[in-house]
Amino acid sequence: MSKFVTSFWNYVPSGVIDAEKCVDDWAELGMDLPMSCSCEKDEDYDYILKNLDAAAKKGMKLIVCDKRTLWYEIGTIGEEEYRRRVKAAADKFASHPAFFAFHVGDEPAKAHWADMLKAVKIVGEYARPFINFLPFFDEDFEKTLGTNHAGYEKMIEDAVKETKLPQLCYDCYFQMFENNPEEGIGLYFHNLNRYRALSEKTGVDFWTTLLSVGHWAFRVPSEDDIRWQISTACAHGAKGIFWFYIYGRLLESSYRQSPFDQYYNKTATFEKLARQMRLFNDHFADRLKNAKLLEVYHAGRTYGGTPLYTPGCIGGLFFKRAWGMPMIVSRFEDPDGKEFLLFVNNSQNKIERIEGEYKGRKLFDWFAPGQMLIVEEGR
């Protein structure tokens, strides 16, 4: 992608919302690579084509959610029938200028791994495949994946190399734990660091799915939470951000306050997400999309195995925190070899101010919760 990827998870069946108006909403949310509504039967083809046409007019590309390309039935129907279905889907959609990839499946566990690998390779013969992996977690991890964290990292690395998967994507919502926030934040950064390592090993970008709907043990994200999620993901090297999810659709469990409610009306979360995504796209996305993360530190308190910042570990940088909030300091390099720093207030709810200097630039900057700032030499 020539852009920083911005997207969301879409579970709305074809025909439920207007195929063109919904693309306007996606543009307002600042998305450049949305997931299409779901194509489940022949009658849905025209709707998905309208989705693609509308996306092309907005300069977007779509991840097409076509039931025929999901791995879920390959073990039942066999590889040849699956291949036939994938080819039919590709013949229908893959040549469209707004087509980007086919969704192949979500969160493969040990029981699904072999089918996932077969499906990704087959889809890759006809179009770009997209798949989303599970995060690293604690409870029942080895039962679910059949291995520990190190073993799972090796499983993903091998899968990317075997299938030539062109990107890594995963979801993680622990950062919005309501009742044990510090544990959740630790797991969140553990995942960012693990997937960053996988990205470096495999040579493909990693994208992360962040939270935009309250459910289960996860609170409804505030605007500060949305900003914090964007900034912390970028500071750890993510090149794409997805949101789970934007359409409420159903009255289920404790799901609440997604950007659209169950009646497809915009909620207060829509406004917050749209504003923060617009600010990110206008001020940070272009600078970060092709920049290489060289190193990342946590100052004050470290999470998820991130190295602790100590004075002198980044040449030419000195700073102090006025209120002692945790901070992130990342060092990036542009394609032309020019370096810059990214500062993030790593507090989800407290303001911070830093004072100092970086290679001739004086620092005196206030940070809202989760706010990021690009700092360059002498500027």
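**Entry 1. Open sheet**

I began with the sheet and found four strands in the order 1-8-7-6, forming an open sheet with parallel pairing. Strand 1 (5-8) and strand 6 (168-171) are the edge strands, each pairing on one side only. I then looked up the twist, which averages 20° from one strand to the next. I note here that the model is a predicted one.

Next I took one pair from this sheet. Strand 7 (residues 206-211) runs parallel to strand 8 (residues 240-244), and five bridges join them. I asked which residue of strand 8 stands opposite Leu211. I found Phe244 there.

**Entry 2. After strand 8**

I followed the chain on from Phe244. The peptide bond between Phe244 and Tyr245 is cis, with omega about -25°. I placed Tyr245 in the loop between strand 8 and helix 10 (268-283). Arg249 is found in the loop between strand 8 and helix 10 as well. I looked up phi of Arg249 and got a positive value near 60°, in a residue other than glycine.

**Entry 3. Strands 4 and 5**

I turned to strand 4 (residues 99-106), which pairs with strand 5 in the parallel sense over four bridges. For a register check I took Gly105, whose bridge partner in strand 5 is Ile131. I then traced the connection: the chain leaves strand 4, passes through helix 5 (residues 113-124) and reaches strand 5, a β-α-β crossover that is right-handed.

Which way do the residues of strand 5 (residues 129-132) point? I found Pro129 and Ile131 pointing one way, and Phe130 and Asn132 pointing the other way. In a regular strand, side chains alternate between the two faces of the sheet. Both sets in strand 5 are buried, Asn132 included.

**Entry 4. Asp140**

I moved along to the loop between strand 5 and helix 6 (141-145), where Asp140 has its place. Phi of Asp140 is positive, near 60°, and the residue is not glycine. Is Asp140 buried, partly exposed or exposed? I read a relative accessibility of 45%; buried means under 20% and exposed over 50%. Asp140 therefore counts as partly exposed.

**Entry 5. Strands 11, 12 and 15**

I looked at strand 12 (residues 339-345) and at its two partners listed here. Strand 11 (residues 327-333) runs antiparallel to strand 12, and seven bridges join the two. In this pair, Val329 has Phe343 of strand 12 as its bridge partner. The hairpin of strand 11 and strand 12 has five residues between the strands, and I noted a positive phi near 90° at Gly337.

Strand 12 also pairs with strand 15 (residues 372-376), in the antiparallel sense and over five bridges. I picked Val344 for this pair and found Met372 as its bridge partner in strand 15.

For exposure, I found that strand 12 is mostly covered, with six of its seven residues buried. I checked Glu339, which lies in strand 12. Glu339 has a relative accessible area of 26%, so it is partly exposed; buried would mean under 20%. I also looked up the separation of the C-alpha atoms of Glu339 and Ile351, which is 27 Å for residues twelve apart along the chain.

**Entry 6. Pockets**

Rolling a probe the size of a water molecule over the atoms shows where empty space is left. I looked up the largest pocket and got a volume of about 550 Å³. Its lining has 23 residues, and those closest to the centre are Pro135, Tyr173, Phe174, Trp216 and Phe218. How do the lining residues of the largest pocket divide? I counted 15 nonpolar, two polar and six charged.

The second largest pocket holds about 320 Å³ of space. I listed 14 lining residues for it, with Ser199, Asp205, Lys239, Lys292 and Leu293 closest to its centre. Helix 8 (181-202) and strand 9 (292-299) are the elements that give two or more residues to this lining. Which element gives the largest share of the second pocket's lining? I found helix 8, with three residues. By class, the lining of the second largest pocket divides into four nonpolar, four polar and six charged residues.

How values were computed:
Residues numbered from 1 in each chain as written. Predicted model: local features only at pLDDT ≥ 70, side-chain atom pairs only at ≥ 80, totals over all residues. Heavy atoms only, no water. 1 Å grid on protein atoms, 1.4 Å probe; cavity = no way out; pocket = protein on both sides within 12 Å on 5 of 7 lines; lining within 4 Å. Points joined across faces, edges and corners; volume = space filled by probe spheres on them. Nonpolar A, V, L, I, M, F, W, Y, C, P; charged D, E, K, R; others polar. Pairing = 2+ DSSP bridges. Axes fitted to C-alpha atoms, helices over the stretch in contact; angles between N-to-C directions. Buried < 20%, exposed > 50% of the residue type's maximum accessible area, 1.4 Å probe, protein only. Right-handed = clockwise from strand over helix to strand, strands pointing away.
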